[in-house]
Structures are given as structure tokens and as C-alpha cells.
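Here's a friendly walk through a structure you may not have met before. Take a look at the model first, and then we'll go through its spaces and its sheets.

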Amino acid sequence: MTSPFTSLSPPAIDAIAGGKPLALFLDFDGTLVELAATPDGIEVESGLFDRLHALFDRLDGKLALISGRALDNLEMHLGPMTIWRAGSHGSDCRDPTGAAMGSAAQALPPAAIAELGAYAEQAGIDYEPKQHGGALHFRAHPDAGADALAFAETLAAEHGLAVKTGKAVVEVVRPGADKGAAVRTFMARPEFAGACPVFIGDDVTDEDGFAAAQELGGHAIIVGTRSDTLAEYRLPGVKEVHEWLNL
């Protein structure tokens, strides 16, 4: 799925939509904030909350955060948001008032949660329980990645679940957790009608969002150096994302 255009910088934010209204869909970790050794170790730049809400206003409300984090965790780091947002890999979508759009994210079966925790302890890696799943983090132990993935795939098969992979993380989730589905949910709303969707993200789980934005006539921007991507455009890192967004 490698794009031949991944070395291209995106057009300016005021030009990328080609004259249409712009609808922005933003990943969080690795896109708006730098990655950290643990999920709670991130450092959110002072004033980011206010600048995101100002960007929401500049775009006439056509801005959504779409994160793998649960929404309560996202707001723990950012504050109580009044913009469109989707947590749990897009399975928990909310409008700016906080009203749910569709069904809320489902927790994993208790047996699967117990097995994930026990495996992490035995393997010496970090386990992060979530509302919608469970993540095995091995950034501090990169050699544990292959075994963690094999365990997660076996566990998912036994319980009818799905596996998401990312940078030094393997996550077990309910089927249907998909950032592309969140993009389509938001774009179906009248507030986004006629807009050009642009998705910005850094990780493998953002590829579903890239595909959805492109299918709806928009664009995808990858952050960082990953080469296997659908994105047409690239920004080197979080700093450049902030500059491109004029945050």
C-alpha cells in the first residue's frame, strides 16, 4: 500500500482542500504530542487545548480528534473538549456537546482482560487496560514484540476479538474499532457536508482513516518516517504538524 508521493510536503492548510471547506481529522499520540515510553508519560504542550478549540472555530466546526485512547483518557490529558472527537480507535464518537453518536465502546470479556494482564506480568512488559480493549506496550523491551503479537492474535481468535498493532504496542479490541469508520460517521453529518476531509496521523492504525479520507475525495498526511502508507503527503514530526496547522 506504499504511496509514490510520500516525500511530498502537503500544500498549505488554506490550499489543500482545493477551494472546498476543509474538514480536519487528527490523531493524537505521535501527531499532536510526542510519543513517550508509556501512555501516561506524554507531555502535552501548554496551551494546546485552547489552540485546538481556536482551530475548531477557524474551520467552522469541521475538526475532529480520532484517537486510539479512550475519550476519558484523552480528556485527562487535554481537558474537557467541546469539539468532535472519537476514542477507542474510532468506536466511541461524540459530537461537540459530548453526545454519543452510535453505540459506546464495549469492554473486553473478563477472561480476556485477565489473560492480557497475566501475560504482561509474565513477559515483563506494560499492560494498559482500556474501556474498549487492552494494550501490551513493549517500547522498553522491543525484543518482546513478536511474542506479544503472537499471544494477542491467539487470544483474539479464542474470544472473537481483533488485534491492532502500532509503534511498540499490540492491542486487543472488539471487532469494528476502526478510525476510518469514525471519519465516515463525522462526514455523514450535515455540519461536514461538502467538505474535503484531510486525515493526519503517524501510526498503522491511522491507515484506515487515510483510506476513508481519500475515498471521500480528500487527502492523507503521514507524520514521521514510516514508508508503508497510503498517504500522499508527509510531515517530519509533531513540531511540523503544529506549524502546518498554525497552532
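Let's start with the residues that line the largest cavity: they divide into 7 nonpolar, 8 polar and 13 charged. That makes 28 lining residues in this predicted model, and Asp29, Leu35, His137, Val169 and Asp203 are the ones that lie nearest the cavity's centre. Which elements give two or more residues to this lining? They are strand E7 (133-137), strand E8 (162-166) and strand E9 (169-173). E8 gives the most, with 3 residues. As for its volume, the largest cavity holds about 440 Å³ of space. If you count cavities of 30 Å³ or more, you get 1.

There's also an open space to look at, the largest pocket, with a volume of about 170 Å³. Its lining is made up of Ile13, Asp14, Ala17, Gly18, Gly19, Lys20, Leu22, Leu55, Arg58, Leu59 and Asn246. Sorted by class, that lining has 5 nonpolar, 3 polar and 3 charged residues.

Here are the two spaces side by side:

| Space | Volume | Nonpolar lining residues | Polar lining residues | Charged lining residues |
|---|---|---|---|---|
| Largest cavity | about 440 Å³ | 7 | 8 | 13 |
| Largest pocket | about 170 Å³ | 5 | 3 | 3 |

Now for the sheets. E7, E8 and E9, which we met in the cavity lining, turn up again in an open sheet of 4 strands. The order is E6-E7-E9-E8, and the pairing is antiparallel. Why do E6 and E8 each have one side without a neighbour in the sheet? Strand E6 (126-129) and E8 stand at the edges and have a single partner strand each, so one side is left free of a neighbour. From one strand to the next, the twist averages 20°.

Inside this sheet, E7 and E9 run antiparallel and are joined by 5 bridges. If you'd like a spot to find on the model, try Gly133, which stands opposite Val173 in E9. Helix H4 (residues 145-159) packs on this sheet and touches E7, E8 and E9. The direction of H4 makes about 160° with that of E8.

The other open sheet has 8 strands, in the order E5-E4-E3-E2-E1-E10-E11-E12, and here the pairing is mixed. Its edges are strand E5 (100-101) and strand E12 (233-235); each has a single partner strand, so one side of each is left without a neighbour in the sheet. Strand E4 (residues 92-94) runs antiparallel to E5, and 2 bridges join them. Look for Cys93, which stands opposite Met101 in E5. This sheet has a helix packed on it as well: helix H2 (residues 71-78) touches strand E2 (63-66), strand E3 (84-87) and E4. The direction of H2 makes about 120° with that of E3.

Finally, step back to the whole chain. How many helices and strands does the chain have? The secondary structure comes to 7 helices and 12 strands. The C-alpha atoms fill a box of roughly 55 × 40 × 35 Å along the principal axes. A compact globule with 247 residues would have a radius of gyration near 18 Å, and the chain's 17 Å agrees with that.

Note on methods. Residues are numbered from 1 along each chain as its sequence is written. This is a predicted model: local features need pLDDT of at least 70, side-chain atom pairs count only at pLDDT 80 or more; totals for chains, interfaces and linings use all residues. Side-chain values use heavy atoms; hydrogens and water are left out. On a 1 Å grid over the protein atoms alone, a cavity is a set of points where a 1.4 Å probe fits but cannot get out, and a pocket is an open set with protein on both sides within 12 Å along at least five of seven lines; lining residues have an atom within 4 Å of a point. Grid points are joined across faces, edges and corners, and a volume is the space filled by probe spheres set on the points. Ala, Val, Leu, Ile, Met, Phe, Trp, Tyr, Cys and Pro count as nonpolar, Asp, Glu, Lys and Arg as charged, and the others, Gly among them, as polar. Two strands pair if DSSP finds at least two bridges between them. Contact means heavy atoms within 4.5 Å. Axes are lines fitted to C-alpha atoms, for helices over the stretch in contact, and angles run from 0 to 180 degrees between N-to-C directions. The radius of gyration is taken over C-alpha atoms; the globule rule is 2.2 Å times the number of residues to the power 0.38.
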